[in-house]
Amino acid sequence: MSKFKIGVLSTARIVELGIVLPAKSMNVELYSVAARDPEKARKFAKQHNFTRYHNTYQQLIDDPKIDIIYNPLPNGLHGPWNIKAIKSGKHVLTEKPFSSNESEASTICEIVRSTNSFLMEGFHYSFHPVWIRINELLNIGVIGKLKKINIVMIMPEAPVHDPRWSLELAGGALMDLGCYAMHIFNRLISFGGGGPQIYKCRTHERLKNSGVDEKADVIVNYPNGLIGTVHCDMGGDRIEFTIEFIGEKGRIFAFNFLHPHMDDRILIETNQTTVIEKLGKTYSYTHQLQSFLDYLQHSISPIPLDESLETMKLIDICYRLAKMEPRPTIVM
């Protein structure tokens, strides 16, 4: 079978970890990269052994040799370029969030369903053995009935001109970090007796009247009484990505569910035992790309579009409860 050819939109920091390193171990070709500055794209292509580069994003998308588009652009540009790529007949692996708001998410889903293209949102954590093992433990009832989920997501402050601080580019803690938590809450429907409902959301604006949240605290309730909480902080003094599941008979704690290549431990405490398991410090992005390719080859869908849409719905609800506006759509 010939190799899938990948085209990359931008030379953003995440590109090396998100696609370059995973691609080296798989049946794919890093075919082309584009950037706002063609010279930057040329240098990046040479450094990372891409076959070629393109002068513009549109030229890259229009290249008939490319099978897959990887979209790591700033949040607000995910939706517009995802739509362009899908309409050009490409498959798309997009960084999260795949849109700026629920309305744009609905539009993307409609377009994808009208084509033969596949779009997957990059919730990479969900493909790693850490998350798979947690699901196994929950499903076999190791800690009994699930009562509460606590998520903490803290990262050091990004530079002042980073696009994650831009309202127009769909920045903010809920978009950059909270989307992971909302995705997780949606994935736990079977343990909650139905979908999660946002009970409370409190945000802290980075600058007054900027519309961009630096911190966010959210509480969700499920029909059967299960509670979920998340604390997001994009201006923290450390890196912390932990998740705790509390049940009637114990708890499960992951030390770094988002980047298990840094810490692959999970703690399992029950009334009888305390165990720490190590699940392997492989890159979650490698497992993600493999799952994406599995779909193209075997039609096994890892992240349904409806799941991505429901995640964006929750984010918009959070913003409204916090008396902030959902992120705007960029018209191109």
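Okay, let's start at the end of a helix: right after H9 comes Ser299, and its phi is positive, near 60 degrees. Keep in mind that what we're looking at is a predicted model.

So, H9 itself. It covers residues 284–298, which is 15 residues. Does the length add up, or what should we expect? At 1.5 Å a residue, H9 should span 21 Å, and the C-alpha atoms at its ends are indeed 21 Å apart, so the two agree.

Now look at which parts of H9 are tucked away. The buried residues are Ser284, Tyr285, Gln288, Leu289, Ser291, Phe292, Leu293 and Leu296. A bit of background here: an α-helix has 3.6 residues a turn, so residues three or four places apart point the same way. And what do the buried residues of H9 pack against? Four of the partners I'd point you to are strands, E1 (4–9), E2 (28–34), E4 (68–71) and E5 (91–94), and then there are helix H1 (14–23) and strand E6 (119–121) as well.

Let's zoom out. The chain is divided into domain 1, residues 4–121, and domain 2, which is 125–286 plus 315–322. Their C-alpha centres lie 26 Å apart. Where they touch, domain 1 puts in 20 residues and domain 2 puts in 16.

Next, the largest pocket. Its volume is about 1,100 Å³, and 35 residues line it. Nearest the centre you'll find Ala12, Arg13, Ile14, Pro72 and Arg164. The elements giving two or more residues to that lining are H1, helix H4 (75–87), strand E7 (146–156) and helix H7 (173–187). Which kinds of residue make up the lining? We get 20 nonpolar, six polar and nine charged. Both domains take part, with at least three lining residues from each.

Last bit: two single residues. Ser308 sits in helix H10, residues 305–321. Is Ser308 buried or exposed? Its relative accessible area is 2%, and the cut-off for buried is under 20%, so Ser308 is buried. Setting aside neighbours within four places in sequence, Ser308 is in contact with Phe98, Glu121 and Ile303.

The other one is Thr242, over in strand E11, residues 240–247. With 8% relative accessibility, Thr242 counts as buried too. Again leaving out neighbours within four places, its contacts are Asn150, Ile151, Val152, Phe253, Ala254, Phe255 and Phe257. And if you want a distance to try in the viewer, take Thr242 and Pro97: they're 145 residues apart along the chain, and their C-alpha atoms are separated by 20 Å.

Methods:
Residues are numbered from 1 along each chain as its sequence is written. This is a predicted model: local features need pLDDT of at least 70, side-chain atom pairs count only at pLDDT 80 or more; totals for chains, interfaces and linings use all residues. Side-chain values use heavy atoms; hydrogens and water are left out. The expected span of a helix is 1.5 Å times one less than its number of residues. Buried means under 20% relative accessible area, exposed over 50%, partly exposed in between (1.4 Å probe, protein chains only). Contact means heavy atoms within 4.5 Å. On a 1 Å grid over the protein atoms alone, a cavity is a set of points where a 1.4 Å probe fits but cannot get out, and a pocket is an open set with protein on both sides within 12 Å along at least five of seven lines; lining residues have an atom within 4 Å of a point. Grid points are joined across faces, edges and corners, and a volume is the space filled by probe spheres set on the points. Ala, Val, Leu, Ile, Met, Phe, Trp, Tyr, Cys and Pro count as nonpolar, Asp, Glu, Lys and Arg as charged, and the others, Gly among them, as polar. Domain bounds come from an automatic or database domain assignment.
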